[in-house]
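Q: I'd like to take a close look at one part of this model and then follow the picture outward. Please walk me through it residue by residue.

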Amino acid sequence: MTAAAPPFLLLHGTADDRLPPEHSERLHGRLLAAGVRSTYIPVPGAGHVFAGHDDMPGVVAATVDFFVRELLGDRAGA
């Protein structure tokens, strides 16, 4: 993994019982240590694939915001 890797978005439910959120936390830390742009967003109370989370529009908005920021950068506000 090098700083040349593309930006990462990690969204992980804090109540995921199939894949603990610590996996995303560790990956996020390693990406940052390698100089990769990484965004980690814990999703409170969400299980695996966001089961039980009632704000899916918020998850989608966070994803769209990430792509706008990463793909448009300074042009996003133009």
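**A loop and its surroundings**

A: Happily! F50 sits in the loop between strand 2 and helix 2, and this is a predicted model, so please read every value with that in mind. The backbone is what draws the eye here: F50 is not a glycine, yet its phi is positive, near 65 degrees. V49 belongs to this loop as well, which runs between strand 2 (38-43) and helix 2 (56-72). V49 also has a positive phi, of about 50 degrees, although it is not a glycine either. As for its surroundings, V49 has a relative accessible area of 68%. Since the cut-off for exposed is over 50%, V49 counts as exposed.

From the loop we can move on to the aromatic residues. The structure holds 1 aromatic pair. Its partners are F66 and F67, whose ring centres are 5.4 Å apart and whose planes stand at 75 degrees, so the pair is edge-to-face. The reasoning rests on the angle, because planes over 60 degrees apart count as edge-to-face. The two partners are worth viewing separately, too. F66 is buried, at 4% relative accessibility, whereas F67 has a relative accessible area of 43% and is partly exposed.

F66 leads us to L9, which lies in strand 1 (residues 8-13). Setting aside neighbours within four places in sequence, L9 is in contact with F66, and also with T39, I41 and T63. There is a good example of distance along the chain against distance in space here: L9 and A62 are 53 residues apart in sequence, while their C-alpha atoms are 9.4 Å apart.

The last stop is S24, a residue of helix 1 (residues 21-33). S24 counts as buried because its relative accessibility is 11%, and the cut-off for buried is under 20%. Its side chain has a polar partner: a polar contact of 2.6 Å joins it to the side chain of H12. H12 appears again among the contacts of S24 outside its neighbours within four places in sequence, together with L10 and Y40.

To pull the threads together: in the loop, V49 and F50 have positive phi values without being glycines. Beyond the loop, F66 pairs edge-to-face with F67 and is in contact with L9, and S24 shares a polar contact with H12.

Technical notes:
Residues are numbered from 1 along each chain as its sequence is written. This is a predicted model: local features need pLDDT of at least 70, side-chain atom pairs count only at pLDDT 80 or more; totals for chains, interfaces and linings use all residues. Side-chain values use heavy atoms; hydrogens and water are left out. Helices (H or I, at least four residues) and strands (E, at least two) are DSSP runs, numbered from the N terminus. Buried means under 20% relative accessible area, exposed over 50%, partly exposed in between (1.4 Å probe, protein chains only). A polar contact is a pair of N or O atoms within 3.5 Å; within protein, one must be able to donate a hydrogen and the other to accept it, and residues adjacent in sequence count only if both atoms are side-chain atoms. Contact means heavy atoms within 4.5 Å. Rings of Phe, Tyr and Trp (its six-membered ring) pair if their centres lie within 6.5 Å; planes under 30 degrees apart count as stacked, over 60 as edge-to-face and the rest as tilted.
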